[in-house]
Amino acid sequence: MAAKPPAGDPVQDAPEVAAPQHAAAGLPAIGHTLRIAQRQMGVRRTALTLLKVNQKNGFDCPGCAWPEPDKRHKAEFCENGAKAVAEEATLRRVTPEFFAAHPVADLATRSGYWLGQQGRLTHPMYLPEGAASYEPVTWERAFDIIAEELHALADPDEAVFYTSGRTSNEAAFLYQLFAREFGTNNLPDCSNMCHESSGSALTETLGVGKGSVLLDDLHKADLIIVAGQNPGTNHPRMLSALERAKAGGAKIISINPLPEAGLERFKNPQTARGLVGGGTPLTDLFLQIRLGGDQALFRALNRLILEAADTTPGAVDEEFVREHTHGFEEFAAAARAADWDETLRATGLTRAEIDQALRMVLASRRTIVCWAMGLTQHKHSVPTIREVVNFLLLRGNVGRPGAGVCPVRGHSNVQGDRTMGIFERPAPEFLDALEREFGFAPPREHGLDVVRAIRALRDGQAKVFFAMGGNFVAASPDTEVTEAAMRRARLTVHVSTKLNRSHAVTGARALILPTLGRTERDVQGGGEQFVTVEDSMGMVHASRGRLEPASPGLLSEPAIVCRLARRVLGPESRTPWEEFEKDYGTIRDRIAAVIPGFEDFNARVSRPGGFALPHAPRDSRSFPTATGKANFTAAPVEYPTAPEGRLLLQTLRSHDQYNTTIYGLDDRYRGIKNGRRVVLVHPEDARELGLADGSYADLISEWTDGSERRAPGFRVVHYPTARGCAASYYPETNVLVPLDATADTSNTPASKSVVVRLEPSDPA
């Protein structure tokens, strides 16, 4: 079992376990939301704050990136969004006195849950080399320390500038501008760990690395396929869109190794039926697939569609294929060769289940496929998503209302960060535009993504690590390697609102720079400011914080970047950093000059609801690919396997969690209470392994290079997951994923197909 936690830090490996639930939201969600919000914010602050979430004159939820409808409910937020807001708008404070009482060695023993519960950071804090505790520091001294270390580097590429998806468009644009003017493209971001596989596959096949649907398309769809995604926990407001689609006659196929309550039945807390009735059944067909079997499934469906076209006119949209696609013959040959024995082995499904899915596909003229991490975090994720695109192209389901690709992003502005240029492999056209607008020559060499940045820190090739938001240490794979790499840095800097694990794993020197949250008023020299974000469907809109800042000593993210740039780049920089800090409208003017689709940015974003960015495949069925058309692809079918006595493990979130932020220790829909160190195993698999429900086991991952990783002390929970598969929460299980276990092409950590053995351990 895991070591006993320090005083005040709750035990997380001895949960109470009940049966999984079969419906999401409803009255329990309202009660849970209000309890957490009032505990963090108090009654009055809860009411004032939550009524501004996702409103046209309010602030964008700092949680997920799901878009808002044009007509909005007064409570336009979900349970997990309210938790995110409550954590940021909390009345709790982390002051210099806290750091004096808690040396770094103590913080390093604390759980992420305990750290997050301490409250908002109030002062810049500095850990001198050799010191035991952080101490308060002025902003001026903090920027001096960063400048000293950056100027001491032998090469700008020895610095790494990481970004979280909660950073606004304005801050992200300034951040990449500063990094490139400093001289590096080392701009890894959280996309590298989540939807990089989506971007890689979609750019190659459609020419745009984003989803092709708008919210209204879901309402018009005949069939929505939700693959490798749990919207009930990760994007709860998506359930409202699925409910509306069902009301319009849509069918839903869910593809997942775990049954998820939110996809079974949705009790909409904004309707009487959801509050006191039975709610809305969502899924018409649940395909309980084995981990990593999605490519084989879509390949089989494509074979069946092609075979249907031999006898049924219209099964394939031949006009669309002829006019708008490339590579059909090679794709069709590979699809027709799909092997049924291999398909059933890879997917764990029956032929009857796949045939039922086919009938629903052929009955639909407008089909959308939605997906998330369940598809993107495997070694073969990019060919899997290419096969999804093949599936949609075959029936003309791109560039048609109610149809298209829908990768569902996590963080509220992770897609906007990439649009603003947070990318280690920038397009030459983007760099050319920067050079024209700002008069300096940006570096052209590709920079480091997350995995390569960790390697560079580990090997001493990177010496300064600067993070704009996020919790890099807890979010990254191969925990022990990542932490050792961070400790080799000369300086680590984190721009943060709250404490997290990364603040306790430092370089020789470390800084914590506290920043304004999304909920807070941002007043600069030019008056009150607002920022903008881009949601998961390419809609750009304003966000205006309303609360007084948690501390008068906080700076906004744009202000931090501007002051840092002035200190590091000096008077030689021609960029008007002081002007940018004073008036964010001037930043948006320069974004408009650099990035296509943002013309007349300030005027367009001032309209309630914002505006949609152009998307050529959606808007005009034009495809900016190398061939000028949408590309069919053909790749060998891949899927993970586990030797006898082993299981395939996926890492996932609990319901009281958003990425690495732990709101509580419950996973209500899965029946887990007061604990996180659990492993969900099918009862038959558990019995074959000799693991009783409630017993304890160490998780040991096994890799093809012979290496192993161990995560100790997990309570075994018998659970109706797919046979041969298991599941456990991250970041506790990130330790099991080696740094080099990544997706081909995208280099995303392969956290959803980990071969593990379970060794019984002593609960005492």
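These questions and answers walk through parts of a predicted model.

Visitor: In what order do the six strands of the open sheet stand?

Guide: The pairing in this open sheet is mixed. The six strands follow the order β6-β5-β18-β17-β16-β7.

Visitor: Which strands stand at the edges of the sheet?

Guide: An edge strand here has a single partner strand, so one side is left without a neighbour in the sheet. Two strands fit that description: β6 (135-136) and β7 (159-163).

Visitor: Which residue stands opposite P136 in β6?

Guide: Strand β5 covers residues 125-127 and runs antiparallel to β6. Two bridges join β5 to β6. Opposite P136 stands M125.

Visitor: Which helix packs on the sheet, touching β7 and β16?

Guide: Its direction makes about 170 degrees with that of β7. Its residues are 169-182. This is helix α8.

Visitor: At about what angle to β16 does helix α27 run?

Guide: Helix α27 spans residues 557-569. It lies across β16, β17 and β18. Its angle to β16 is about 150 degrees.

Visitor: Is T163 buried or exposed?

Guide: T163 sits in strand β7. Beyond its neighbours within four places in sequence, its contacts include Y175, D189 and M468. Its relative accessible area is 0%, and buried means under 20%. So T163 is buried.

Visitor: Is L27 buried or exposed?

Guide: L27 lies in helix α1, residues 27-41. With I30 and L34, L27 forms a nonpolar patch on the surface, about 240 Å² of accessible area together. The relative accessible area of L27 is 52%, and exposed means over 50%. So L27 is exposed.

Note on methods
Residues numbered from 1 in each chain as written. Predicted model: local features only at pLDDT ≥ 70, side-chain atom pairs only at ≥ 80, totals over all residues. Heavy atoms only, no water. Patch = residues over 30% accessible without salt bridge, like charges linked within 9 Å, V, L, I, M, F, W, Y side chains within 5 Å. Areas by Shrake-Rupley, 256 points an atom, 1.4 Å probe, with all protein chains shown as cover. Salt bridge = Lys/Arg side-chain N within 4 Å of Asp/Glu carboxyl O. Helix = DSSP H or I, 4+ residues; strand = E, 2+ residues; numbered from the N terminus. Buried < 20%, exposed > 50% of the residue type's maximum accessible area, 1.4 Å probe, protein only. Pairing = 2+ DSSP bridges. Contact = heavy atoms within 4.5 Å. Axes fitted to C-alpha atoms, helices over the stretch in contact; angles between N-to-C directions.
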